[in-house]
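Consider how a helix pair packs and where charged side chains meet. The paragraphs below take these topics in turn.

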Amino acid sequence: MDKTMCLLPGGYVDKDTVVHRDVELMPLSGREEEILADRREPASAALVTAILNRCVRRIGTISPISEEDARNLLVADRQYLLLKLREVTFGEQIFATIPCPWPDCGKSVDIDFSVNDIPVRESEDKGPIYKMTLSSEAAFLSDHGEVYHEITFRLPNGGDQEVVSPLISENEARALTMLFGRCIQDIGSLKNPGYELISKLSPVARMEIEKRMKEVAPKVELTMGASCPECGREFSVPFDLQEFFFGELRTSRDLLYREVHYLAYHYKWSEREIMEMPRAKRHKYIEVLADEIERLNNAS
Ligand SMILES: [Zn+2]
């Protein structure tokens with residue numbers, strides 16, 4: 001499959017505050033598979049940035065895009081692009097197996113859905129800066145006794161994920177403070193409040209800010225409802241899209257190079273030409289070639 005076009009549910013706001021939404025996307029080729037091959041650690045936000053940087057050809061009038069552009073895309077826009085990338089690489093249908101979350105069961109449950117059935121919500125206000133007012137209960141009290149209600153923030157992006165994600169498993173509260181420290185621009189007249197001041201926000205204030213951020217952000221709903229055929233109970237679980245997708249792409253380097261060798265040997269194409277082919281196309285040629293060789297062998 002060749003390139004595909006899609007529309008970001010959020011949008012990329014450049015330094016002149018122009019919102020860019022239409023994206024041109026290329027399927028993964030052998031080059032990206034090579035990056036993902038023999039991967040040991042879980043799929044990180046940095047890996048998503050690297051893959052998007054390579055596969056996104058254009059965002060609005062920005063082309064080519066830089067790694068910084070891929071990093072600065074909103075969290076939901078990155079998820080959406082991964083979904084589309086999965087579709088253009090393997091097709092829209094996803095067959096996955098997840099463990100039943102009930103501790104006394106834990107059996108494997110098959111889930112089957114289309115990429116296009118995943119609810120995607122566009123953001124109405126494209127920001128990139130948002131203002132909100134904290135309730136009186138949540139107001140911020142400075143060291144000098146001033147009371148502030150106004151909060152100015154931007155939405156989390158891939159760069160924030162790269163920094164904050166590794167902290168989540170260690171200390172979720174600290175990770176949220178870190179994220180707020182990056183995203184909150186002002187508390188009242190306090191500009192760029194930073195980690196110190198942010199950590200003084202009350203739990204109610206943190207809740208109100210988090211809620212507001214979720215309300216204005218675009219959203220890709222990756223929580224799946226399923227029922228377990230073993231124990232008969234229903235449940236909903238977050239579907240780890242990047243781990244699943246990058247898992248599907250996990251070829252061993254050895255196999256990848258054997259495929260390249262096979263095509264180069266028979267078709268005399270260069271290594272570069274073969275590696276730049278989308279995976280589906282490479283596999284199709286291998287299939288055609290194998291059939292042809294078998295036919296010749298049977299004829300002789
Ligand atoms: Zn079960």
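In which helix do Glu-292 and Arg-295 both lie, and how many residues apart are they? Both are in helix α12, three residues apart, about one turn of the helix. Their side chains meet in a salt bridge (2.9 Å, N to O), the term being a side-chain nitrogen of Lys or Arg within 4 Å of a carboxyl oxygen of Asp or Glu. Glu-292 counts as partly exposed at 34% relative accessibility; buried means under 20% relative accessible area, exposed over 50%, and partly exposed in between (1.4 Å probe, protein chains only).

This is a predicted model, in which local features need pLDDT of at least 70 and side-chain atom pairs count only at pLDDT 80 or more, while totals for chains, interfaces and linings use all residues. Residues are numbered from 1 along each chain as its sequence is written, and side-chain values use heavy atoms, with hydrogens and water left out.

Helix α12 also holds Arg-282, whose side chain forms a salt bridge with that of Glu-33 (3.0 Å, N to O). Glu-33 lies in helix α1 (residues 30–36), so this pair links distant parts of the chain, 249 residues apart. Glu-33 is buried, at 0% relative accessibility, and Arg-282 is buried at 0% as well.

A further salt bridge joins the side chains of Glu-24 and Lys-3 (3.5 Å, N to O). Because Glu-24 lies in strand β2 (residues 19–25) and Lys-3 in the segment before β1 (4–13), the pair ties together parts 21 residues apart in sequence. Glu-24 is buried at 15% relative accessibility, whereas Lys-3 is partly exposed at 47%.

Technical notes
Helices (H or I, at least four residues) and strands (E, at least two) are DSSP runs, numbered from the N terminus.
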